[in-house]
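Here's a short tour for anyone meeting this structure for the first time. Take a look at the sequence and the model, then read on.

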Amino acid sequence: MIVKTNTIPPLFLQQLESLSHRLPPHHEKYGEVIRKYRMHAAGYAGEKSLLYPFRYINSPHAIFFDLRLRDSIQHYFQMDALLLTPTCCIIFEVKNISGTIYFDPHFQQLIRKDTNQETSLPDPLSQVKRQKQHLSHWFISNHFYHIPIETVVVVTNQSSVIQAPSTHNDAYNQVVRVENLLGKIEGILGRHQEKKLSNKQLTNIKKSLLDQHTDYCPTIMKMFHLKEDDLCKGIACPQCHHKSMYRKNGKWNCIKCDTTSKTAHVAGIKDYALLIGHSATNAALRDFLKIESRHLMLRILHGLHLPQTGAQKNRMYSLAPFLSRNHEFPRTIRDS
Ligand SMILES: [Zn+2]
């Protein structure tokens, strides 16, 4: 059973996607943003490919995708996927990397060889080892004891060639292609037959994991040393992405391709929430979305039923609902 799904991309990937649409292609940081976006998008695609083998696990279990927890020493750690069963749990680190990947145990690095270049990447085996230590601390500090933790590195790119020296036992024991993942999981569960957790304890752990999860949502503009004026402002056309939609007859109209939309403002405000801030005034949003009319902006904001503080021109609207996984917005604005 999937307790925490991966149907919606992680917030950091959403931030990178939004930034890649808002930053002009001639900007000096554009290449860096696109590279990072593609890397995280590939990672997310890799994580999604775990859904299929997970569907066929026979034993009782709970699956959490993209969990980010604070361990006992006040640091965050993140796991691509976690499988929890009454007998043990398994941490999965997912790698969606093309080319030949070589697990180098001596320098603890992953060497990626492509047609004409070699790149050194962080060693996934060291990464899962650290995650296991963090999760073990987390279990103890939350008063869950004696839960065996196993680790698996899943290679999801079907074209990648996996290599490791024959003496590298960790690579041979823990690295698996996604096609063979189900067999690997069954093998691990077969080795852990003794029940360590009651149903009540399992329910408590599930609740604690969900309660203590925090999405990674950094101040992305600061991360790339960008200013708000570096971005293309305006409401983006859902068809051609041009950012100059104007309001006419109760709809947003694209100046470039004539596409109309009733909801294009929602994506625009979400971009603001992802890139600029988690709350905003009417004036700040008008500047970002290039909406001249204060009253139109007011109608949009009222229509979205956002939590608000302050009064008059200092009124701040919370944009937190735009960052929430389950929030559904009203789709239309009353124009009169
Ligand atoms: Zn358009």
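## A buried threonine

T259 is buried because its relative accessible area is 18%, under the 20% cut-off. Keep in mind that we're looking at a predicted model here. You'll find T259 in the loop that runs between β12 (251–254) and β13 (260–261).

What does T259 touch, once its neighbours within four places in sequence are set aside? The list reads C237, P238, Q239, M245, W252, N253 and C254.

## Two basic side chains out of sight

R247 sits in strand β11. Its relative accessible area is 18%, so R247 counts as buried. The side chain of R247 reaches the backbone oxygen of G250, at 3.2 Å. R247 and S261 are 14 residues apart along the chain, and 9.6 Å separates their C-alpha atoms.

K233 belongs to the loop between α8 (220–223) and β11 (245–248). With a relative accessibility of 14%, K233 is buried too. Which side chain does the side chain of K233 meet in a polar contact? That would be D287, at 2.8 Å. Leaving out neighbours within four places in sequence, D287 is one of the contacts of K233, along with R22, E228, K243, F288 and K290.

## The whole chain

Time to zoom out. The chain has 336 residues, and 47% of them are buried. Its secondary structure adds up to 11 helices and 16 strands. Measured out along the principal axes, the C-alpha trace spans about 70 × 55 × 35 Å.

How much of the accessible surface belongs to carbon and sulfur atoms? The share is 50%, out of about 17800 Å² for the chain. As for contacts between residues at least 6 apart in sequence, 60% of them join residues at least 24 apart.

## The largest pocket

Rolling a probe the size of a water molecule over the atoms shows where empty space is left. In this model, the largest pocket holds about 1200 Å³ of space. Its lining is made up of 38 residues, and those nearest the centre are M39, H40, G43, E93 and K95.

Which element gives the most to the lining of the largest pocket? It's α2, with 8 residues. Several helices and strands each supply at least two lining residues, among them α1 (11–22), β2 (62–70), β3 (76–84) and α4 (124–141). By class, the lining breaks down into 16 nonpolar, 11 polar and 11 charged residues.

## A serine in α1

S20 is part of helix α1. Is S20 buried or exposed? Its relative accessibility is 9%, so S20 counts as buried. A polar atom of the S20 side chain lies 2.7 Å from the backbone oxygen of E17.

Setting aside neighbours within four places in sequence, S20 is in contact with Y30, V33, I34 and Y37. S20 and R35 are 15 residues apart along the chain, with their C-alpha atoms separated by 9.8 Å.

## The start of the chain

M1 lies in the segment before β1 (2–4). Its relative accessible area is 60%, so M1 is exposed. Even so, M1 has contacts beyond its neighbours within four places in sequence: H61, A62 and I63. From M1 to I63 is 62 residues in sequence, but 6.1 Å in space, C-alpha to C-alpha.

## Two positive phi angles

Now for a pair of backbone angles. D66 has a phi near 50°, which is a positive value in a residue other than glycine. D66 is placed in strand β2. Because its relative accessible area is 13%, D66 is buried.

H305 also has a phi near 50°, again positive in a residue other than glycine. Where is H305 placed? Look in the loop between α11 (294–304) and β15 (308–309). Here the relative accessible area is 63%, so H305 is exposed, whereas D66 is buried.

Terms used. Residues numbered from 1 in each chain as written. Predicted model: local features only at pLDDT ≥ 70, side-chain atom pairs only at ≥ 80, totals over all residues. Heavy atoms only, no water. 1 Å grid on protein atoms, 1.4 Å probe; cavity = no way out; pocket = protein on both sides within 12 Å on 5 of 7 lines; lining within 4 Å. Points joined across faces, edges and corners; volume = space filled by probe spheres on them. Helix = DSSP H or I, 4+ residues; strand = E, 2+ residues; numbered from the N terminus. Nonpolar A, V, L, I, M, F, W, Y, C, P; charged D, E, K, R; others polar. Buried < 20%, exposed > 50% of the residue type's maximum accessible area, 1.4 Å probe, protein only. Polar contact = N/O pair within 3.5 Å; in protein donor to acceptor, adjacent residues only side chain to side chain. Contact = heavy atoms within 4.5 Å. Areas by Shrake-Rupley, 256 points an atom, 1.4 Å probe, with all protein chains shown as cover.
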